[in-house]
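Biologist: Please give me a close look at the sheet in this model. I should like to know how the strands are paired, and what lies against them.

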Amino acid sequence: MTRVLVTGGGSGIGRAIAERFDAGGWEVWVTDIDADLLEGAPRHWVTHVCDAADEAGMRDVFAAVEAAGGLETLCANAGIAGPTALIEKVDLEDWRRCVSVNLEGAFLAAKYAAPLMKAAGRGSVCLTSSTAGQHGYPNRAPYAAAKWAVIGLMKTLAMELGPHGVRANAICPGAVDGPRMEGVLAREAAAKGMTREAVYAGYAAGTSMRTWVEARDIGEMAFFLASTAARYVSGQVIAVDGHTENPDPKP
Ligand code: NAD
């Protein structure tokens, strides 16, 4: 059996990634900061309550993974949207927490997964970035900066791990229908003086396919990247976004 670890797997995209690997017959390990969400995970998943940005906690999780026999796929997915504000209104503490969860969380997961995968001589590291990291994102500078940095992290992982048979890629989801974006929609509607529906429609209008993405679409891509069909795919930034042409143009 092959083993996958998904951070932030208690809900949303991480949960969908975990479900896809489960359906594919993998052994699923999931971490999340929210114990209640993990309570709702299937009983046969291995769950750990852990802040992705907490090094001691992440070290313990990966020690348990190593004791279980190692890891074939890491999906470093935990992330938060951070503050909704123009740059001059962003508090340093909010900036730091957003960058910490999104970037340091990915770094810590990769740091502790890398030795396990190098020892095995194979593996797939899949980081969840965002179209915000590719294009920028008005009112969300710390998030866009962190997600751009996640791409730099991934490119470097691909270089460092490739000679050991380990691949690294980043998925950039577009706007995904789900609980997190409801909060984002509400905050953006308030910040811009728009209705929630108008903000929602604006996101869809910014894509070629005029739709939102579903979390399962990200699960499918993460699963493909872990498969032998993707055995020569590494160092890539893969948008699953219906082709975002003009993300959120209205600050
Ligand atoms: P979500 O809020 O539905 O799920 C995120 C999960 O991560 C939650 O279960 C939450 O409890 C957990 N989490 C939050 N902070 C954590 C921490 N410090 N340590 C461990 N777990 C933590 O959000 P989502 O939409 O599923 O987002 C998942 C990833 O996808 C994030 O990295 C996000 O930035 C990225 N993303 C989301 C969208 C979108 O439209 N929803 C678009 C692009 C990228």
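Modeller: Strand 4 (residues 73-76) and strand 5 (residues 123-128) run parallel and are joined by 4 bridges. The model is a predicted one, in which local features require pLDDT of at least 70 and side-chain atom pairs count only at pLDDT 80 or more, while totals for chains, interfaces and linings use all residues. Residues are numbered from 1 along each chain as its sequence is written. Strands (E, at least two residues) and helices (H or I, at least four) are DSSP runs numbered from the N terminus, and two strands pair if DSSP finds at least two bridges between them.

Within the pairing of strands 4 and 5, Thr73 has Ser124 as its bridge partner in strand 5. The sheet to which these strands belong is open and has 7 strands, in the order 3-2-1-4-5-6-7, with parallel pairing. Strand 3 (46-49) and strand 7 (236-240) are at the edges; each has a single partner strand, so one side of each is left without a neighbour in the sheet. From one strand to the next the twist averages 15°, where axes are lines fitted to C-alpha atoms and angles run from 0 to 180 degrees between N-to-C directions. In general, strands of a sheet pair through backbone hydrogen bonds, either parallel or antiparallel.

Following the order from strand 5 towards the strand 7 edge, strands 5 and 6 pair in the parallel sense over 6 bridges, and Thr128 is placed opposite Ile171 in strand 6. Strand 6 pairs in turn with strand 7, again in the parallel sense, over 5 bridges; here Asn169 faces Gln236 in strand 7. Strand 6 (166-173) has 8 of its 8 residues buried, so it is largely enclosed by the rest of the structure. A residue is buried if 20 or more other C-beta atoms, placed from the backbone, lie within 10 Å of its own, exposed if 12 or fewer, and partly exposed in between. In a regular strand the side chains alternate between the two faces of the sheet. In strand 6, Val166, Ala168, Ala170 and Cys172 point one way, Arg167, Asn169, Ile171 and Pro173 point the other way, and all are buried.

Turning to strand 1 (3-7), 5 bridges join it to strand 2 (residues 27-32), and the two run parallel. Val6 has Val30 as its bridge partner in strand 2. Strand 1 is mostly covered, with 4 of its 5 residues buried.

Helix 9 (residues 215-226) lies across strands 1, 4, 5, 6 and 7, and runs at about 165° to strand 6.

Beyond strand 4, the loop leading to helix 4 (92-120) contains Ile87. Ile87 is exposed, with 12 other C-beta atoms within 10 Å. Its C-alpha atom is separated by 6.5 Å from that of Ala141, 54 residues apart along the chain.

The ligand completes the picture. It is surrounded by 28 residues, of which the closest are Gly8, Gly12, Ala52, Gly79 and Arg180; a residue is near a molecule if its C-beta atom, placed from the backbone, lies within 6 Å of it. Helix 1 (12-23) and helix 7 (179-192) each contribute at least two residues to this shell.

Conventions: Contact = placed C-beta atoms within 7 Å.
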